[in-house]
Structures are given as structure tokens and as C-alpha cells.
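Here is a short tour of a protein chain for a reader at the bench. Have the 3D view open beside the text and turn it as you read.

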Amino acid sequence: MTVPQNDQPLRRIGREPPGLAGQIKEAMTAGGVLRGLVERDFRLRYKQAILGPAWVVLQPLLGALVFTLVFSAVTRPHLAGETPYVLFAFCGLLLWQYLARVVTDGAASLVVNADLVARLYIPRLLIPLTVTLSASLDLLAGLVVLLAYCLLLGQPIGLNILALPLAILMAGLLAFGLSLWMAPLEALYRDVSRVIPVAVQLLMFLAPVVYPLSMVPEEWQWLVALNPATAILDLGRHAVLGLPGPDPLGLVSWAVVTSILVFGGLWLFRRLEDLVVEWV
């Protein structure tokens with residue numbers, strides 16, 4: 001029997017991955033999938049923890065108490081007004097813990113969800129975004145406790161509190177942008193996960209997380225202000241504690257760095273996505 005020949009090239013039937021604009025549109029319209037991923041991430045995170053979500057508050061609070069004891073023994077940080085240092089440190093550590101968690105867990109998100117990435121088609125931008133939103137729930141819980149602690153210690157809360165959502169949004173965009181770079185790189189080169197914790201610890205002391213900017217020599221303060229995390233910390237403390245707001249230089253630095261990270265990260269994520277699916 002003669003097999004008929006066909007000169008037409010074979011075509012693979014499947015879903016053509018969308019371009020960058022299509023990916024963003026898909027992610028924005030997949031609200032139900034995103035909600036399910038966030039709920040799943042939250043449950044898995046605290047599944048075998050005895051204290052569960054309480055660690056969200058305990059970690060920065062215990063850290064704040066430790067730094068309070070250390071600074072009390074060495075020097076008393078000069079803060080505007082009568083703001084207790086423990087509140088200053090608690091607020092800074094809450095925001096830094098949020099940034100650190102999104103970057104660390106976001107970097108590992110594609111590897112941790114390898115089965116999901118390889119076997120199901122979902123907008124893969126949702127995976128690092130899930131970490132950002134899940135960590136935001138933790139941050140909100142911690143901020144509620146911080147506000148209650150402020151009232152307990154007699155720290156007034158004014159209309160500045162209206163700036164708090166902006167500080168959270170700024171932190172989320174910066175951390176999400178970093179995770180967009182780290183997630184595909186970690187999926188291809190597992191060394192990234194070894195570097196991130198060290199970098200997070202180092203950067204913590206290069207930003208005014210547990211010390212006010214006034215403790216930095218005046219000739220170096222501009223350099224600390226260039227750290228995009230500084231504007232977030234200053235705005236968060238301005239909102240909750242009524243301390244001075246961020247320096248304009250810090251806001252410009254945040255805007256420039258975050259724009260590069262988010263838009264550059266979206267481009268890199270799209271470029272490496274197909275390769276990541278093969279490697280994870």
C-alpha cells in the first residue's frame with residue numbers, strides 16, 4: 001500500500017505562549033486562580049507551625065526588643081518627639097521582613113512550584129505575585145499589632161496614617177520587581193538561593209531599619225537615602241509614628257530603581273520562561 005506523501009510541514013497543536021503584553025493581561029484577568037494560589041500559599045506556610053501566623057508579629061517584635069536592649073546599652077538613638085525606640089525598630093523590622101520574605105520566597109517560587117509550572121498552564125507571573133500578596137496579608141496583620149502597641153505606649157496616631165497604604169504599595173512593587181529577576185535565575189542557577197539570605201542581611205544594615213538616619217555621618221546620609229528601601233521605611237514610620245517623611249532624593253531613587261526592576265524583570269521573566277519550564 002502506498003502511503004500518501006505530504007510536503008506540508010508538521011505543526012504542533014498546542015497553546016502558543018503569549019507575548020509580554022499578553023502575559024500581563026492574562027495575569028490581570030486570572031483573579032480566581034490568583035486567589036486560590038494565595039490561599040494555598042498561606043496554608044502551606046503555617047501548616048506545621050505551632051504558633052502559626054503569630055510568628056509574623058513575634059519575629060519583628062522580638063528583634064525590636066533585642067535592638068532596644070543593645071542600643072540602650074551603647075547609645076540612645078535620637079528620634080523626633082517622644083517616639084519610643086522599640087516602636088521605631090518594630091515598624092522598620094516589619095517592613096523589612098516583608099521585603100525580605102517576598103524576595104527570598106519569590107526567588108524560590110518557580111522551583112517550589114515546579115509541578116505546577118511544568119504540568120499546568122497558568123499565567124506564570126502569578127507565581128511570584130502570589131508570594132507578594134500572601135506576604136502582604138502577614139504585613140497587614142503585623143501592622144495591626146503595631147498600631148495596637150502604639151496605643152498601648154501612648155504614641156498618638158494622626159492623619160499621617162493615610163499614607164500607610166502607599167508605603168505598603170511601594171514595598172510590594174520593589175520586592176515584586178526583585179523577585180521577577182530572582183525567580184527565573186534561581187530556577188536555572190541554584191546558587192542564587194545561597195546568595196540571597198546573605199545579601200538580605202547585609203542590605204538590612206545598609207538601610208535605616210533599626211537605626212535613624214541621624215546616626216549616619218552627615219557626609220554619608222545621601223548614600224543611605226539612595227537606597228530605595230529607605231524611602232519605604234521613612235514613609236512607613238511617617239504614617240504610623242509621625243516621624244519625618246522620606247527625602248525627595250529617596251523617592252526619586254525608589255521610583256527609578258523600582259521601574260527598572262519591574263519592567264526589566266517582566267522582560268527577563270518572559271525571555272526565560274520557556275527555558276525555566278524545561279529545567280525545573
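The report below starts with the whole chain, moves on to pairs of helices, and ends with single residues.

**The chain as a whole**

Please keep in mind that this is a predicted model. The secondary structure of the protein chain comes to 11 helices and 0 strands. Reading along the sequence therefore gives the pattern α-α-α-α-α-α-α-α-α-α-α.

How much of the chain is buried? Of the 280 residues in the protein chain, 46% are buried. The protein chain exposes about 15,600 Å², and carbon and sulfur atoms supply 67% of that area. Contacts across the sequence are also worth a look: among contacts in the protein chain with a separation of 6 or more, 81% are made by residues 24 or more positions apart.

**How the helices pack**

Three helix pairs are set side by side here.

| Helix pair | Axis separation | Angle | Handedness of crossing |
|---|---|---|---|
| H4 and H7 | within 7 Å | roughly 30° | right-handed |
| H4 and H8 | within 10 Å | roughly 160° | right-handed |
| H6 and H7 | 10 Å | about 150° | right-handed |

Let us begin with helix H4 (residues 85–112) and helix H7 (residues 164–188), whose axes come within 7 Å and cross at roughly 30°. This angle makes H4 roughly parallel to H7. What kinds of residues form the contact of H4 with H7? They divide into 18 nonpolar, 4 polar and 1 charged.

H4 also packs with helix H8 (residues 192–205), and here the axes cross at roughly 160°. H4 and H8 are therefore roughly antiparallel to each other. On the H4 side, the residues that take part are Leu93, Trp96, Ala100, Val103, Thr104 and Ala107. They meet Ile196, Val200, Leu203 and Met204 in H8. The residues of this contact divide into 9 nonpolar, 1 polar and no charged.

H7 has a further partner in helix H6 (residues 126–152), and these two helices pack at an angle of about 150°. Because an angle over 145 degrees counts as roughly antiparallel, H6 and H7 can be called roughly antiparallel at their angle of about 150°. From H6, the contact draws on Pro128, Leu129, Thr132, Leu139, Leu140 and Leu143. Facing them in H7 are Leu164, Ile168, Gly172, Phe176, Ser179 and Leu180. The contact of H6 with H7 divides into 9 nonpolar, 3 polar and no charged residues.

**Four residues to click on**

Leu164 is a good place to start, as this residue lies in helix H7 and belongs to the contact with H6 described above. Is Leu164 buried or exposed? At 10% relative accessibility, Leu164 counts as buried, since the cut-off for buried is under 20%. Leaving aside residues up to four places away in sequence, Leu164 touches Leu143, Ala239 and Val240. Leu143 is also one of the H6 residues that meet H7. The C-alpha atoms of Leu164 and Arg237 are separated by 8.7 Å, although the two residues are 73 residues apart along the chain.

Val262 takes us to helix H11 (residues 248–279). This residue is buried, with a relative accessible area of 14%. Which residues does Val262 touch, not counting those up to four places away in sequence? They are Leu173, Gly177 and Leu180, and Leu180 appears in the H7 side of the contact with H6 too. Val262 and Leu174 are 88 residues apart along the chain, and their C-alpha atoms are separated by 7.5 Å.

Leu37 lies in helix H2 (residues 31–45) and is buried, with a relative accessible area of 12%. Not counting residues up to four places away in sequence, Leu37 touches Leu116, Ile122, Leu126 and Thr130. One of these, Leu126, is 89 residues from Leu37 in sequence, yet the two are 8.2 Å apart in space, C-alpha to C-alpha.

Val86, finally, brings us back to helix H4. At 10% relative accessibility, Val86 counts as buried. The C-alpha atoms of Val86 and Leu69 are separated by 9.3 Å, with their positions 17 residues apart along the chain.

Definitions and conventions: Residues numbered from 1 in each chain as written. Predicted model: local features only at pLDDT ≥ 70, side-chain atom pairs only at ≥ 80, totals over all residues. Heavy atoms only, no water. Axes fitted to C-alpha atoms, helices over the stretch in contact; angles between N-to-C directions. Helix = DSSP H or I, 4+ residues; strand = E, 2+ residues; numbered from the N terminus. Parallel < 35°, antiparallel > 145°, perpendicular 65-115°, else oblique. Left-handed = near helix turned anticlockwise from the far one by under 90°. Nonpolar A, V, L, I, M, F, W, Y, C, P; charged D, E, K, R; others polar. Buried < 20%, exposed > 50% of the residue type's maximum accessible area, 1.4 Å probe, protein only. Contact = heavy atoms within 4.5 Å. Areas by Shrake-Rupley, 256 points an atom, 1.4 Å probe, with all protein chains shown as cover.
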